[in-house]
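Please look over the sequence and the structure shown below, and keep both at hand while reading. The paragraphs that follow move from one region to the next and explain what can be found there.

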Amino acid sequence: MYLKPNIAKLKKRKRELGWTNKRLAKESGVPVGTLNKIFNGSTRYPRDETVDALSQAMGLDYYEIQTSEADSAVIRETGIYKTVKKEGRVTLDTYYSLPDELRAELIDGKLYYVSAPSLRHQSIVVALSSELYNYFAWKKRKYRVFASFCDVRLDGDEYTMVEPDIFVVQGNEQFASGAYCLGAPEFVIEIVSLSSSKHDYELKRYKYQNAGVKEYWIVDPIKMRVVVYVFAKDAVPVVYTFEDRVRPYLYPDLEIDFEQIKKDMI
């Protein structure tokens, strides 16, 4: 994601804490030399990982200290996410007014336009959603499995509407309107490409965790790995490969064979 970090906010927070660059380096793990370059203006666009580390060390929200530039791009698959030039926060009214041919997600008042996913992406979506659907049918559980593209009003407010690749909810209460899922699903899977990884690894992971998603999988067919976050248990992820069989924490008697999924990938 091409975002310009607000260095002034980082400086202000450092002053509020009364920290020197040496202290901030100790707390964040970012070298003093790197901090000197950031704060003296030599480095205008520090890496996302660096900004994230500084934000966490100083108790800041990573995304609140980022300022998106007009027409900046966030890539997903071979297409493009774009933030719109805006005054103030975009609401669901704007989201619903978009032309039918445009797909987008609204996250914290910012629109991200999304291109059509690749066939490989969709083949994985079909395989995983089928596994989940068949599992719940076999268990005769009243769970609902949805696959892209379905709206999720994640925070229940006017500023966020996401489209997870796959998500699971219990019962019918969360989609009583028939138009979207209201509130956080209990289980979410995103399938990423090389160009979309930061969006799913960082922004949406942050949103899902804070909205109350219990378990989040990032399926990465480029790196041939599955990153599993069990927010209901621990924020530290477990990483599997496409040679493994992976059991969801929420549904421990379900086992997904990623070696077979790899064989079936387009």
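Leaving aside its neighbours within four places in sequence, which residues is E27 in contact with? The model in which we look for the reply is a predicted one. Once those sequence neighbours within four places are set aside, E27 is in contact with W19 and A57. E27 itself has its place in helix 2, which covers residues 21-28, and with a relative accessibility of 40% it counts as partly exposed. Another residue to compare with it is A53, which is 26 residues away from E27 in sequence, while the two are 8.9 Å apart in space when taken from C-alpha to C-alpha.

From helix 2 we can turn to helix 7, made of residues 197-211, where K207 is found. Is K207 buried or exposed? K207 has a relative accessible area of 8%, and because buried means under 20%, this lysine is buried. Apart from its neighbours within four places in sequence, K207 is in contact with I107, D108, L154, D155 and T160.

One of these contacts, D108, deserves a visit of its own. D108 sits in the loop that links strand 5 (103-107) with strand 6 (110-114), and its phi is near 50 degrees, which is a positive value in a residue other than glycine. With a relative accessible area of 26%, D108 is partly exposed. A positive phi also occurs at M224, where the angle is about 55 degrees although the residue is not a glycine. M224 belongs to the loop between strand 12 (215-220) and strand 13 (225-230), and at 27% relative accessibility it counts as partly exposed.

The next stop is strand 11, residues 187-191, which is mostly covered, since five of its five residues are buried. The covering applies to both faces of the strand: F187, I189 and I191 are buried on one side, and V188 and E190 are buried on the other. Which way do the strands beside it run? Strand 9 (residues 166-170) pairs with strand 11 in the antiparallel sense over three bridges, and in this pairing V168 stands opposite F187. Strand 12, by contrast, pairs with strand 11 in the parallel sense, over five bridges, and there F187 stands opposite E215.

Another backbone feature appears between S148 and F149, where the peptide bond is cis, with omega near 15 degrees. F149 is found in the loop between strand 7 (143-147) and strand 8 (152-153).

The last topic is the cysteines. A disulfide is a covalent bond between the sulfur atoms of two cysteines. How many disulfides does the structure hold? The structure holds zero disulfides. C150 is in no disulfide, and the nearest cysteine sulfur to its own, that of C181, is 9.2 Å away. Why do C181 and C150 form no bond? The sulfur of C181 is 9.2 Å from that of C150, the closest cysteine sulfur, and this is too far for a bond, because a disulfide needs the two sulfur atoms within 2.5 Å. As for their surroundings, C150 counts as partly exposed at 22% relative accessibility, whereas C181 is buried, with a relative accessible area of 3%.

How values were computed: Residues are numbered from 1 along each chain as its sequence is written. This is a predicted model: local features need pLDDT of at least 70, side-chain atom pairs count only at pLDDT 80 or more; totals for chains, interfaces and linings use all residues. Side-chain values use heavy atoms; hydrogens and water are left out. Helices (H or I, at least four residues) and strands (E, at least two) are DSSP runs, numbered from the N terminus. Buried means under 20% relative accessible area, exposed over 50%, partly exposed in between (1.4 Å probe, protein chains only). Two strands pair if DSSP finds at least two bridges between them. Contact means heavy atoms within 4.5 Å.
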